[in-house]
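Visitor: I should like to go through this structure step by step. Might we begin with how far each part of it can be trusted?

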Amino acid sequence: MTASETSKHGRRRLTGTLLAMALGCSFAFGAMVQIAFADDYHTNCVPHGFVHGGSQTDGSFFSRVESGCGSGWRSCDIYVSGSYVGGLTVGNATCNAWSRNWGNFMECAATSHTTFSPYFGDHVHKASNWCG
Amino acid sequence: MRRRLVLGVAFVLTTLAGVASASVLSAGQAAEAPGAADDAAVAGSARLGATVPDPRGGPRWAVRTYQSVSGRRCASVGRTNGGTAFGPSDDKGRVQDSPASFSGSCAQPGTEPAQVILAQYGNVAGTPRSVLYGFAEPAVATITATGPGGPAAVALDQRRTFLVVREGLSVPDSWLLTATLNDGSIRSYRR
């Protein structure tokens, strides 16, 4: 049995199997998007992500990957409005990119891009009051 | 027509179900929004270490170290005006002084012969920079570094910090720092 059938009018229509597969893909897509932009700070081997400073609007924030959980290099970068500002690459230390070390930026338009090789690849954490 | 509408609604609902499921599953892994309290600087412990000029002039680059309240050693890099000011420079070459507080990357002393950090700046007076910096334990006799553009002169200052500044951004693994220890053994660090 093929995944789809052709009606007498020549149009392909969905079978139950194909429909289930398509719905499964849309479910997975939603889950992946949510994980990719899940939250500003979470743990995968080590806590990492976007850290607001004392306020969400003072322009002081961090892109951070904490130390521990084995060796390997960690990177923590800052983007603002989609443009690269800068970042750090470290070994078994806290990767701690403080926005003030690069200048003054609009906090709500910033994202933290973090990597801990080989434990997790580059992914994005947005400011919790995201306005970008 | 109605069938297509039903299918469209079904796809939207299953996508939202995926989003909701991922939210529920990841909620248990959410970490406390960290203040990195363990990495707060001990008052009065911040010191400026090695300094080097920028390839295009302006304030010198410097390493700043401090001790954290948990006993870790922390380092950050910035510009210095030759006095006590330390931080990024603005478009007019003025150093924006910033406190040590939580500014550095911290590591437990003694876990590695050297702590090596690569900082990258997307825009310093119109061009990007790569800055390799850190500090070395007393067991380290000499260090050498090779990065984009070839070998770089590196010297340990009296606080055992080092610093190299190059124009341009660096791709991963493009820097190699080699530390020769007092016993003749060698440790290499890629950044």
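Visitor: Which element of chain B has the highest mean pLDDT?
Guide: This is a predicted model, and pLDDT is the predictor's confidence in each residue, from 0 to 100. Among the elements of chain B, helix 1 (residues 2–27) has the lowest mean, at 60. The highest mean, 98, belongs to strand 11 of chain B.

Visitor: Over which residues of chain B is the pLDDT below 50?
Guide: Chain B as a whole averages 87, and 84% of its residues score at least 70. One stretch falls below 50, although it has 17 contacts in the model beyond near neighbours in sequence. That stretch is residues 23–35 of chain B.

Visitor: What ipTM does the model score?
Guide: Two scores are given for the model. The pTM is 0.79, and the ipTM is 0.82.

Visitor: In which order do the strands of the open four-stranded sheet of chain B lie?
Guide: Strand 8 (residues 140–147) of chain B pairs antiparallel with strand 11 (residues 176–181) of chain B over six bridges, and with strand 9 (residues 150–152) of chain B over three. Strand 11 of chain B is also joined to strand 12 of chain B, by five bridges in the antiparallel sense. The order in chain B is therefore 9-8-11-12.

Visitor: Which strands form the edges of this sheet?
Guide: An edge strand here pairs on one side only. The sheet is open, with antiparallel pairing, and the twist from one strand to the next averages 25 degrees. Its edges are strand 9 and strand 12 (186–190) of chain B.

Visitor: Which residue stands opposite Ala145(B) in strand 11 of chain B?
Guide: Individual bridges show how the strands are aligned. Thr146(B) has Pro151(B) as its bridge partner in strand 9 of chain B, while Thr180(B) stands opposite Ile186(B) in strand 12 of chain B. Opposite Ala145(B), in strand 11 of chain B, stands Leu177(B).

Visitor: Which residue takes a positive phi in the hairpin of strand 8 and strand 9 of chain B?
Guide: Two residues lie between the strands of this hairpin. The positive phi is near 100 degrees, and the residue that takes it is Gly149(B).

Visitor: Which strand gives the most residues to the largest nonpolar core?
Guide: In soluble globular proteins, nonpolar side chains tend to be buried together. The largest nonpolar core here has 62 residues, of which Leu132(B), Tyr133(B), Leu163(B) and Leu177(B) touch the most other members. With seven residues, the greatest contributor is strand 6 (residues 114–124) of chain B.

Visitor: Which arginine is in contact with Leu132(B)?
Guide: Neighbours within four places in sequence are left aside here. The contacts of Leu132(B) then include Val116(B), Leu118(B), Trp175(B) and Leu177(B). Among them there is also Arg191(B).

Visitor: What is the average twist of the open sheet of seven strands?
Guide: This sheet has antiparallel pairing and the order 10(A)-9(A)-6(A)-7(A)-6(B)-7(B)-10(B). Its edges are strand 10 (120–126) of chain A and strand 10 (161–167) of chain B. From one strand to the next, the twist averages 15 degrees.

Visitor: Which residue stands opposite Asp77(A) in strand 9 of chain A?
Guide: Chain A comprises one helix and 10 strands. Strand 6 (residues 74–80) and strand 9 (residues 110–116) of chain A pair antiparallel over seven bridges. Within strand 9 of chain A, the residue opposite Asp77(A) is His113(A).

Conventions: Residues numbered from 1 in each chain as written. Chains lettered and ligands numbered in written order. Predicted model: local features only at pLDDT ≥ 70, side-chain atom pairs only at ≥ 80, totals over all residues. Core = buried A, V, L, I, M, F, W, Y, C linked by C-beta atoms within 7 Å. Buried ≥ 20, exposed ≤ 12 C-beta atoms within 10 Å, placed from the backbone. Contact = placed C-beta atoms within 7 Å. Axes fitted to C-alpha atoms, helices over the stretch in contact; angles between N-to-C directions.
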